[in-house]
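Please work through the exercises below with the structure at hand, trying each task before turning to its solution.

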Amino acid sequence: MDSPASNPPRGAGRYAPSPSGDLHLGNLRTAVVAWVLARDSGRAFRMRVDDLDTARARPGVAERQLEDLASIGIDWDGEIMWESERAEAYAAAAGRLTDSGLVYECYCSRREIAEAPRAPHSPPGAYPGTCRNLTEAERAARREALGPGRVPALRLRAGLPELTVDDLVHGPYTGVVDDVVLRRGDGVWAYNLAVVVDDSDQGVDQVVRGEDLLPSTPRQAYLADLLGLRRPEYVHVPLAVNAAGERLAKRDGAVTLADLALEGTTTRAAVARIVASLGGPPGADSIDALRGVVSPASLRSGPWVVA
Ligand SMILES: [Zn+2]
């Protein structure tokens, strides 16, 4: 995975949908922004399917997502990367961290984590450190007590409580870096590790994605630092919301291309809405009309209200 071909000097942007359901207008718009910013900066554009959690991935959904992305004019370079096929790369990265003494096993259930006493000022949701300093005998006993089909989770022994990253839309952003999970108790590699390893292996140096992922960015930047990988540049795109200001979702009616088609709205018309929402020329129904129009600064106007 360290071959020059997988890590081109010109860098790359990417889109990495998670196949949990059809992409809605907000997801498609974020993908368009990622594509425009990559192409406008002379970068390649990579596609990756975030299907780590094979138990939750629904058959056919990823294929429909890729079809929808292609139908609105997004193209990509090279092979599609499927995270479900990448366990070896994640294990290798976790192994490097283990060799540096930065990984420990965690046996806690969600409930134990929620109920554990925690240090004052510890941020909500942060891991309380229960398994950080167990003796070898305690580890053996906890391992023994794990239920069937469970393995110990692997956690990072983080060396600092928080980290500041630079985001081209939001500016400096400081967030929690606690003992992030690297592999879950069901054996599935964790998103935060996968995203860092995959971005590096795909030569990605520009991460453009929804603003909801900004809070996990300091953890990912920290992991990249520990693994000796270059941090990408970050562009977190304000989300699409409904008239009530809530994140756009299925409940908001026809928000996917398939639902819009049932209502008689063509893909071209859907593209025209996305183009208009990003400041493109009125009536333009091709994402090419956004070349040279979208920038991190132009995204600072806030969320896209989908009426
Ligand atoms: Zn634990």
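The exercises that follow concern a predicted model and take up its domains, its salt bridges and its pockets in turn.

**Exercise 1. Into which domains is the protein divided, and how many Å separate their centres?**

Solution. Begin with the division itself: domain 1 is made of residues 4–85 together with 238–305, while domain 2 covers 86–232. Next, take the centres over C-alpha atoms, which places domain 1 and domain 2 27 Å apart. The contact then takes 32 residues from domain 1 and 27 residues from domain 2.

**Exercise 2. Find how much area domain 1 and domain 2 bury between them, and which three residues of domain 1 supply the most of its share.**

Solution. The size of an interface is often expressed as the accessible area that is lost when the parts come together. For domain 1 and domain 2 this buried area is about 2400 Å², with 51% of it on carbon and sulfur atoms. Looking at the side of domain 1, Arg14, Leu52 and Met81 supply 26% of the area it buries against domain 2, more than any other three residues.

**Exercise 3. How many salt bridges does the structure hold, and how many of them cross the interface of domain 1 and domain 2?**

Solution. Side chains of opposite charge can pair when their charged atoms come close. The structure holds 26 salt bridges, and 6 salt bridges are found across the interface of domain 1 and domain 2. As one worked case, the side chains of Asp199 and Arg14 meet in a salt bridge at 3.0 Å, N to O. This pair links distant parts of the chain, with Asp199 in helix H6 and Arg14 in strand E1, 185 residues apart. As another case, Arg184 forms a salt bridge with Asp53, and their closest N and O atoms are 3.2 Å apart.

**Exercise 4. Describe the largest pocket by its volume, its lining residues and the elements that supply them.**

Solution. The volume of the largest pocket is about 1300 Å³. Its lining has 39 residues, and the closest to the centre of the pocket are Arg110, Val181, Arg184, Ala190 and Tyr191. Turning to the elements, helix H4 (110–115), strand E5 (153–156) and helix H6 (191–201) each supply at least two residues of this lining, and H4 gives the most, with 3 residues. Sorted by class, the lining comprises 19 nonpolar, 7 polar and 13 charged residues. Finally, at least three residues of the lining come from each of domain 1 and domain 2.

**Exercise 5. Where does the second largest pocket lie, and why?**

Solution. The second largest pocket has a volume of about 800 Å³. It is lined by 31 residues, of which Tyr15, Ser18, Asn27, Asp212 and Arg247 lie nearest its centre. Two or more lining residues come from each of strand E1 (12–15), helix H1 (25–40), H6 and strand E9 (206–210), and the largest share, 3 residues, comes from H1. By class, this lining has 12 nonpolar, 10 polar and 9 charged residues. The last step is to compare the lining with the domains: because domain 1 and domain 2 both give residues to it, the second largest pocket lies between them.

Technical notes: Residues are numbered from 1 along each chain as its sequence is written. This is a predicted model: local features need pLDDT of at least 70, side-chain atom pairs count only at pLDDT 80 or more; totals for chains, interfaces and linings use all residues. Side-chain values use heavy atoms; hydrogens and water are left out. On a 1 Å grid over the protein atoms alone, a cavity is a set of points where a 1.4 Å probe fits but cannot get out, and a pocket is an open set with protein on both sides within 12 Å along at least five of seven lines; lining residues have an atom within 4 Å of a point. Grid points are joined across faces, edges and corners, and a volume is the space filled by probe spheres set on the points. Helices (H or I, at least four residues) and strands (E, at least two) are DSSP runs, numbered from the N terminus. Ala, Val, Leu, Ile, Met, Phe, Trp, Tyr, Cys and Pro count as nonpolar, Asp, Glu, Lys and Arg as charged, and the others, Gly among them, as polar. Domain bounds come from an automatic or database domain assignment. Contact means heavy atoms within 4.5 Å. Buried area is the accessible area (1.4 Å probe) that two parts lose on being put together, summed over both. A salt bridge is a side-chain nitrogen of Lys or Arg within 4 Å of a carboxyl oxygen of Asp or Glu.
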